[in-house]
Amino acid sequence: PLSTRDWRVCNYEGALNAPVAYAMALLSHPTSDQTVLNIGCGSASIMIERLAAAPAARVIGVDNVPQTLTFAQSNLDAANQRQNTTLIEADAIQMPFDNETIDSLLADLPFGQRVGSHETNQVLYPALIREAARVARQNAHFVLITHEIQLMQNILSNDELWTLEKE
């Protein structure tokens with residue numbers, strides 16, 4: 001099946017399907033000079049598929065769960081994608097980056113089903129959107145996936161930091 005990837009040696013509950021991650025990477029308008037940030041990187045599906053779509057200057061994965069970073073490391077190693085990649089344990093709403101340093105952002109947000117909850121997402125999503133805007137360079141693309149469609153629509157309709165390009 002198209003979703004089978006040799007690099008997936010570790011899986012994390014709620015991990016994104018690889019072809020969906022690849023489609024997200026394509027939507028980010030990838031170029032080889034970008035610094036790319038995968039917020040909530042989990043087991044690195046988006047990071048690996050972004051690098052499969054196009055080389056990047058640097059791809060950074062941030063997650064606040066140490067076990068996921070161990071999984072991400074194993075998958076990056078299996079994909080032979082350790083060059084120009086960095087994994088950082090950090091909170092998505094308080095990331096350790098200077099303002100306007102990231103060219104491209106991707107996120108597989110907690111859907112509030114297997115991972116997280118709707119109540120948590122009501123606080124997390126707006127804070128994450130603001131933090132992403134803080135670290136993003138002007139004209140950066142931010143591609144995200146969520147099942148919390150109504151919540152995200154409400155946030156973006158009241159937000160002046162991002163412009164919705166496609167849904």
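**Exercise 1.** In this predicted model, work out which unit E1, helix H2 and E2 make.

*Solution.* Start with the elements: strand E1 covers residues 35-39, helix H2 covers residues 45-53, and strand E2 covers residues 58-63. Next, look at the pairing: E1 and E2 run parallel, with 5 bridges between them. For one of these contacts, pick Thr-35, whose bridge partner in E2 is Arg-58. Put the helix back in, and you have a right-handed β-α-β unit.

**Exercise 2.** Now carry on from E2 and find how the chain gets to E3.

*Solution.* Strand E3 spans residues 85-89, and 5 bridges join it to E2 in the parallel sense. Gly-61, for instance, has Leu-87 in E3 as its bridge partner. To get across, the chain goes from E2 through helix H3 (residues 66-78), and this β-α-β crossover is right-handed.

**Exercise 3.** Explain why E2 counts as largely enclosed.

*Solution.* Go through its 6 residues and check burial: 5 of them are buried, so the rest of the structure largely encloses this strand.

**Exercise 4.** Track down the aromatic pair and say what the pair ties together.

*Solution.* The count comes to 1 aromatic pair. Its members are Phe-142 and Trp-162, with 5.2 Å centre to centre and 50° between the planes. Tilted pairs have planes from 30 to 60 degrees apart, and this pair is tilted. Then place the residues: Phe-142 sits in strand E5 (residues 136-145) and Trp-162 in the segment after helix H5 (149-157), so the pair ties together parts 20 residues apart in sequence. Finally, check exposure: both Phe-142 and Trp-162 are buried.

Note on methods
Residues numbered from 1 in each chain as written. Predicted model: local features only at pLDDT ≥ 70, side-chain atom pairs only at ≥ 80, totals over all residues. Heavy atoms only, no water. Buried < 20%, exposed > 50% of the residue type's maximum accessible area, 1.4 Å probe, protein only. Helix = DSSP H or I, 4+ residues; strand = E, 2+ residues; numbered from the N terminus. Pairing = 2+ DSSP bridges. Right-handed = clockwise from strand over helix to strand, strands pointing away. Phe/Tyr/Trp six-rings, centres within 6.5 Å; stacked < 30°, edge-to-face > 60°.
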